[in-house]
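The following exercises concern a ligand site and the backbone of one protein. Please study the sequence and the structure before working through the solutions.

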Amino acid sequence: MARLKVAVLISGRGSNLQALLAAAADPDYPAEIVRVISNEATAPGLAHAEAAGVPTEVVEHRDFKSRPGFEAALNATLIDAGAELVVLAGFMRVLTADFVDSWPDRLVNVHPSLLPAFPGAAAVRDALAAGVKVTGTTIHFVREAVDDGPILAQAAVPVLAGDDTDSLGSRIRTVEHALLPRCVARIARGGVSVVGKWVTMDDEPPAEAVLTNPAV
Ligand code: GRF
């Protein structure tokens with residue numbers, strides 16, 4: 001069976017990338033990671049890809065005068081890699097509508113909150129500041145608006161007394177590491193469809209399975 005070709009875009013640590021690489025190391029996993037691209041040359045996550053033998057590429061946004069120029073370089077790399085799905089795993093650049101539209105329902109983001117609560121780059125800090133008792137993670141298809149788009153999966157994470165952004169962010173990432181590879185596998189196996197804001201899966205599990213935190 002041909003595996004879905006996945007490219008992963010990162011900017012930093014790359015722990016979600018690591019989770020995808022670990023999943024894809026199993027020959028029965030329905031997707032393979034064909035390229036890892038970072039907009040930061042110093043991103044520690046690049047080393048995870050190199051250790052797994054996955055080709056990496058640095059496309060530094062600072063090297064381009066305009067966002068479309070940066071995105072054209074990104075797209076050239078993605079096309080060269082034969083990518084069929086692009087995962088934004090801690091990729092800290094906002095993408096234009098043109099780029100997003102060129103990957104229709106083929107662009108997935110991981111966001112560390114239960115969207116639509118706490119969009120933006122400080123989601124964990126904002127959740128702590130708001131005093132919520134539960135936050136979590138959202139895996140969603142990307143649309144033009146930042147941290148918006150049809151939701152593939154969400155998982156809740158409790159906010160504990162004494163949490164700071166490090167402890168809460170790390171607890172959220174543990175859940176992401178389980179959920180993201182599952183979402184990519186679901187897309188790779190087919191049967192995921194998007195109608196408006198709503199994602200359906202052919203073999204939709206019962207509601208209690210969706211609501212259960214996979215890491216607990
Ligand atoms: C994750 O928490 C993800 O939700 C957010 O950025 C973080 C990336 O972490 N978009 P890592 O680089 O995968 O460790």
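**Exercise 1: Polar contacts of the ligand**

In this predicted model, a polar backbone atom of G14 is 2.8 Å from an oxygen atom of the ligand. Identify which other residues place a polar atom at 3.3 Å or 2.5 Å from an oxygen atom of the ligand.

Solution. Begin with the backbone: a polar backbone atom of P112 is 3.3 Å from a ligand oxygen. Turn next to the side chains: E176 has a polar side-chain atom 2.5 Å from an oxygen atom of the ligand. As for cover, the ligand has 370 Å² of accessible area on its own, and the protein covers 87% of it.

**Exercise 2: Location of the ligand**

State where the ligand sits, and explain why it lies between domain 1 and domain 2.

Solution. First, the ligand occupies the largest pocket. Second, two or more shell residues come from each of helix 1 (15–24), strand 5 (107–111) and helix 6 (165–189). Third, the shell comprises 5 polar, 3 charged and 2 nonpolar residues; among them are R13, N16, H111 and R173. Finally, because domain 1 (1–103) and domain 2 (109–216) both contribute residues to this shell, the ligand lies between them.

**Exercise 3: Backbone geometry**

Determine whether the peptide bond from L115 to P116 is cis or trans, and whether phi of D105 is positive or negative.

Solution. Recall that most peptide bonds are trans and that most residues other than glycine have a negative phi. The bond from L115 to P116 is cis, with omega near 10°; P116 belongs to the loop between strand 5 and helix 5 (123–130). D105 has a positive phi, near 55°, and is placed in the loop between helix 4 (97–101) and strand 5.

Notes
Residues are numbered from 1 along each chain as its sequence is written. This is a predicted model: local features need pLDDT of at least 70, side-chain atom pairs count only at pLDDT 80 or more; totals for chains, interfaces and linings use all residues. Side-chain values use heavy atoms; hydrogens and water are left out. A residue is near a molecule or strand if one of its heavy atoms lies within 4 Å of it. A polar contact is a pair of N or O atoms within 3.5 Å; within protein, one must be able to donate a hydrogen and the other to accept it, and residues adjacent in sequence count only if both atoms are side-chain atoms. Accessible areas come from the Shrake-Rupley method with a 1.4 Å probe; for residues, only the protein chains shown count as cover. On a 1 Å grid over the protein atoms alone, a cavity is a set of points where a 1.4 Å probe fits but cannot get out, and a pocket is an open set with protein on both sides within 12 Å along at least five of seven lines; lining residues have an atom within 4 Å of a point. A molecule sits in a cavity or pocket if more than half of its atoms lie within 2 Å of its grid points. Helices (H or I, at least four residues) and strands (E, at least two) are DSSP runs, numbered from the N terminus. Ala, Val, Leu, Ile, Met, Phe, Trp, Tyr, Cys and Pro count as nonpolar, Asp, Glu, Lys and Arg as charged, and the others, Gly among them, as polar. Domain bounds come from an automatic or database domain assignment.
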